[in-house]
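Welcome! Have a look at the structure below, and then we will walk through it together, one topic at a time.

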Amino acid sequence: MTPIASNLVVDALKWRYATKRFDRAKKIPDELWGALEQALVLTPSSMGIQPWKFVVLRDDAAREKLVPASFGQRQIADCSHLVVFALRRNIDTEHIERHLQRVLELRGGQPEALEGYRRSIADSTREAREAGRLEQWMSHQVYIALGQFMAAAAMMGVDTCPMEGLEPAKYDEILGLGPQGYTTLCACAAGYRAPGDKYATAAKVRFKTADVVSYV
């Protein structure tokens, strides 16, 4: 792999902003979207457990249905692609075994060799569940996916807008997520900024590096 020049990465992150107005007529090309989709799939997670589902809405009418459940925010409908980040409600034995089968499929080996790994996942998730922090732990993993998606999009010249201003229960109902064992956590609109979005040229407000980065 050829490393991406560090200045290009920083420039892309400076260019990125939470897009308020999308150009409805401009769509993300299929090949480019395929790379962004892989950015989601390749997101790292604790113990590799991947407690998520990414629901992608490309159809204009389908996205329009979500606007009332998004407090009327038009980014939901006007973007090219909307990604709904859904959290798995529970890490059960079936999910753990499905993950372990995938490990064997891709890496080979014998099932017995994964017994320690199986126990580690089962014990960690059980302890988190009993302590009432399993959902919080899984939510943290999903937000890693959101961050990776936005960073990848910026480096590919695609605009995004992360969104928590929505009603998860209504999203779940519209998208049928409940019966699948998932619930909505957040969403991210992706596409291309519309001309005249004043936030595109506004200065990016961040604390000084010395205020937020320290060395020991």
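## A friendly tour of the model

L57 stands opposite L82 in β2. That pair is a good place to begin, and please keep in mind that this is a predicted model. From here we visit the sheet, then the pockets, then the salt bridges.

**The sheet**

- Four strands make up an open sheet, and their order is β1-β2-β4-β3, with antiparallel pairing.
- Which strands stand at the edges? They are β1 and β3; each has a single partner strand, so one side of each is left without a neighbour in the sheet.
- From one strand to the next, the twist averages 25 degrees.
- β1 and strand β2 (residues 81-88) run antiparallel and are joined by six bridges.
- β2 also pairs with β4, again in the antiparallel sense, over eight bridges. Within this pairing, V83 has C188 in β4 as its bridge partner.
- β3 is joined to β4 by five bridges, and these two strands run antiparallel. Here T160 has A190 in β4 as its bridge partner.
- How many residues of β4 are buried? Ten of the ten are, so β4 is largely enclosed by the rest of the structure.

**The largest pocket**

- The largest pocket holds about 740 Å³ of space. It is lined by 21 residues, and V41, Q50, W52, H99 and R102 are the closest to its centre.
- Three elements give two or more residues to this lining: α2 (30-41), β1 (52-57) and α5 (93-107). So if you have just been looking at the sheet, you have already met one of them, β1.
- Which element gives the most to the lining of the largest pocket? That is α5, with seven residues.
- Sorted by class, the lining of the largest pocket has eleven nonpolar, five polar and five charged residues.

**The second largest pocket**

- The second largest pocket holds about 220 Å³ of space.
- Its lining is made of 13 residues, and Y17, Y199, A202, A203 and K204 lie nearest the centre.
- How does this lining divide by class? The second largest pocket has eight nonpolar and five charged residues in its lining, and no polar ones.

**Salt bridges**

- How many salt bridges does the structure hold? There are 17, and a few of them are worth a visit.
- R102, which we met in the largest pocket, forms a salt bridge with E105, with 2.8 Å between the closest N and O atoms.
- Both R102 and E105 belong to helix α5, where they are three residues apart, about one turn of the helix.
- Are these two partners buried or exposed? R102 counts as partly exposed because its relative accessibility is 42%, while E105, at 56%, counts as exposed.
- R193 and D159 meet through their side chains in another salt bridge, at 2.6 Å from N to O. This pair links distant parts of the chain, with the two positions 34 residues apart: R193 is in the loop between β4 (182-191) and α9 (209-212), and D159 is in strand β3 (residues 159-163).
- D159 has a relative accessible area of 2%, so D159 is buried.
- E167 and K170 also meet in a salt bridge, where the N to O distance is 3.4 Å. E167 is partly exposed, with a relative accessible area of 25%, and K170 counts as partly exposed too, at 41% relative accessibility.
- Which residues do salt bridges with shared partners join into one network? They are R24, E64, R74 and D78.

**One more residue to find**

- Where is R129? Look in helix α6 (residues 115-130).
- R129 counts as partly exposed, because its relative accessibility is 36%.
- From C-alpha to C-alpha, R129 and L42 are 26 Å apart in space, and in sequence they are 87 residues apart.

Conventions
Residues numbered from 1 in each chain as written. Predicted model: local features only at pLDDT ≥ 70, side-chain atom pairs only at ≥ 80, totals over all residues. Heavy atoms only, no water. 1 Å grid on protein atoms, 1.4 Å probe; cavity = no way out; pocket = protein on both sides within 12 Å on 5 of 7 lines; lining within 4 Å. Points joined across faces, edges and corners; volume = space filled by probe spheres on them. Nonpolar A, V, L, I, M, F, W, Y, C, P; charged D, E, K, R; others polar. Salt bridge = Lys/Arg side-chain N within 4 Å of Asp/Glu carboxyl O. Buried < 20%, exposed > 50% of the residue type's maximum accessible area, 1.4 Å probe, protein only. Pairing = 2+ DSSP bridges. Axes fitted to C-alpha atoms, helices over the stretch in contact; angles between N-to-C directions.
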